[in-house]
Amino acid sequence: MTIDPVTMLPPYRIKVVEPIPFLDAGQRREAMASAGYNPFNLRADQVTIDLLSDSGTGATSADQEAAAARGDESYAGARSWFRFREEIADLTGYPHVLPVHQGRAGERVLFGALLKPGQICVSNTHFDTTHANVELVGAQALDLPCPEALDFDSPAPFKGNIDLDRLAEVLAGPDGKRVGLVLMTITNNGLGAQPVSMANLAAAADLARRHGVPFFLDAARFAENAWLVSRREAGYQDWTPRAIAVRAFELADGCVVSLKKDGLSSIGAFIGLRDADLHARCEANLIATEGFSTYGGLAGHDLERLAVGVREVLEPAYLQARAAATARLAQMINDAGVATVQPAGVHALYLNAGRLLPHLPAERFPGHALACQLYLDGGIRCAELGSLYLGTMDDDHRLVRPAPFELVRLAIPRRVYAEEHLRYVAAVLGEIAKDPEQVTGYRIVSAPAVLRHFKVRLEPLR
Ligand code: F0G
C-alpha cells in the first residue's frame with residue numbers, strides 16, 4: 001500500500017464552522033479606500049481569506065473546549081492554573097512559570113526585571129513588539145541574523161540561525177560588558193519563518209554562558225521549529241518533536257512564549273525561568289500589572305485550553321500536515337510565477353514583492369502594493385514586511401532609507417483553512433503575476449510616530 005493516510009491527511013475533521021464573507025470588486029475597492037489602504041484597518045467581515053496573522057487565529061479542538069468547560073475562575077490558586085503549570089513545567093523543565101495574557105506582556109515584565117538602561121539585547125532577529133519592549137526599558141536591540149538569512153533564494157536549511165561569529169565578536173568586544181541578554185527567536189518570524197538549528201542554539205547558549213550573559217528563547221513557534229529540526233538537522237531524525245522542543249528549552253536559562261501561536265489558543269503566554277531571584281522580581285511586576293501570579297491576565301478557561309493545546313501542537317501528524325500544507329501553497333505560488341523566501345517554513349510564506357514588481361521603486365512600497373492588490377482582487381488580507389514597515393521616513397513621510405527587502409507575509413492560521421482556500425490564494429496571486437505592471441504604487445497620507453505600519457493611511461498613485 002503506497003497510500004498513507006498519516007502523510008496525506010490532516011489528523012482531524014471539522015466540527016464547528018464559521019461563514020466567510022464574499023464581497024464583490026466594488027465593495028472591496030470601497031472597503032480598502034475607507035481603510036486608508038491599510039489592511040489593519042479593514043473590518044474582519046470585509047475579508048474573505050485572512051492571512052494577516054497566525055496569532056490567536058487558530059481553531060481549537062473538541063478536547064480543548066471540553067477542558068475549557070472545567071475552567072476554574074478562582075482568583076488565586078485555581079485548579080486550572082495547576083494544570084497549566086504542570087504542562088508547561090513538563091515541556092520546559094523550568095521551575096518557575098508566570099502566566100501572562102500575551103507574549104508582549106511577558107516581554108515587558110521580563111525585560112523590566114532583566115535589562116538595565118544602556119544594556120544590549122542580542123538576537124537572531126527581534127520580533128517588532130520584542131524590539132519595542134527592549135527599547136522601552138532603555139536598552140538596545142541588536143539583530144545578528146546569519147548571512148544566508150538575507151539570501152531569500154538560498155535553500156539553506158537553518159536560515160533562522162544567529163551569526164555565531166558576530167555574536168562572539170560582540171560578546172568579546174568593547175560592547176561585550178553591555179550585553180544583558182541573548183534572545184533567540186524560534187522560528188525567526190522577522191526573517192522568513194526560518195528555523196534555528198539545535199547546533200546553533202547550543203553554540204549560542206555556550207557563548208552566552210562563557211560571558212556570563214543570560215540566554216533566553218522567544219519560543220512562540222517552539223513546535224514548528226522542532227518539526228523543522230526533525231526534518232532538516234542531522235542526528236534528530238529519530239527524535240519526536242516533543243523531545244526536540246524539550247531539549248531546546250533545556251539549553252536556555254528561561255523563555256518568553258506567546259501561546260497565541262503554538263498554544264493553539266486565541267490568547268495567552270508565559271515566562272519560564274530557572275532563577276528564583278529573577279522570578280521574584282518578575283512576579284512583583286506581574287501582580288501589579290497583569291494579575292495575580294496564578295492567572296496573569298488569563299481566565300481559567302484560557303489556561304485549560306492552553307494546557308491541552310501545548311500538548312496537541314507537538315503531535316507529529318498535526319505538524320506534518322501543517323508543514324505540508326504550507327509547502328504545497330509555496331509550490332503553487334512559485335509555479336504561478338511568484339518567488340517566496342526559500343525554503344518554505346511552517347507558519348507563513350513570504351512573497352518577494354520587490355522581484356515581482358520591479359516597476360515600483362521602494363518609495364512606492366511594492367510589498368504594500370502587492371498586499372493591497374491581493375485584497376482588491378481576491379479579498380485576501382496580509383501585510384507587508386518591507387519599506388513601509390521597516391524603512392526610515394522624513395517628517396513628510398517620504399522614504400529616506402528603504403528596507404533591505406520588500407516582502408509580503410502570508411501567515412497561515414492553524415487548523416483553519418482547507419486546501420481549497422489555499423489554492424484560491426495561489427490562483428489570485430497567479431492572476432496578478434500575469435500582468436504585474438497593473439499594480440499601482442502608494443504614498444503615505446498620515447502616519448503615527450511609532451509602530452507606523454499598524455495605523456498608517458495611504459493613497460494609491462495612478
Ligand atoms: N515573539 C514573536 C516571535 C512573535 O511572532 C510575536 C507575535 C510575539 C513575540 C508577541 O506575542 O502577539 O502574543 O503579544 N507575533 C504575531 C504575528 C503578532 O502576527 O507574528 P503576542
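This passage looks at the salt bridges of a predicted model. Side chains of opposite charge can pair when their charged atoms come close. In the structure at hand, 28 salt bridges are found.

A good place to start is the pair formed by Arg70 and Glu304, whose closest N and O atoms are 3.5 Å apart. Arg70 sits in the loop between helix 3 (62-68) and helix 4 (79-92), while Glu304 belongs to helix 12 (residues 300-312), so this salt bridge ties together parts that are 234 residues apart in sequence. The two partners can also be described by their accessibility: Arg70 is partly exposed, at a relative accessible area of 46%, whereas Glu304 is buried, at 1%.

Arg355 and Asp153 provide another salt bridge, with an N to O distance of 2.7 Å. Here Arg355 comes from helix 14 (residues 353-356) and Asp153 from the loop between strand 4 (140-143) and helix 7 (164-172), so the pair ties together parts that are 202 residues apart in sequence. Arg355 is partly exposed, with a relative accessible area of 46%, and Asp153 is partly exposed as well, with 40%.

Within a single helix, Lys434 and Glu431 make a salt bridge, their closest N and O atoms lying 2.6 Å apart. Both residues are part of helix 17 (residues 419-434), where a spacing of three residues corresponds to about one turn of the helix. Lys434 is exposed, at 63% relative accessible area, and Glu431 is partly exposed, at 49%.

Finally, salt bridges also join into a network, which links Asp54, Arg221, Glu224, Asp262, Arg322 and Arg414.

Definitions and conventions: Residues are numbered from 1 along each chain as its sequence is written. This is a predicted model: local features need pLDDT of at least 70, side-chain atom pairs count only at pLDDT 80 or more; totals for chains, interfaces and linings use all residues. Side-chain values use heavy atoms; hydrogens and water are left out. A salt bridge is a side-chain nitrogen of Lys or Arg within 4 Å of a carboxyl oxygen of Asp or Glu. Helices (H or I, at least four residues) and strands (E, at least two) are DSSP runs, numbered from the N terminus. Buried means under 20% relative accessible area, exposed over 50%, partly exposed in between (1.4 Å probe, protein chains only).
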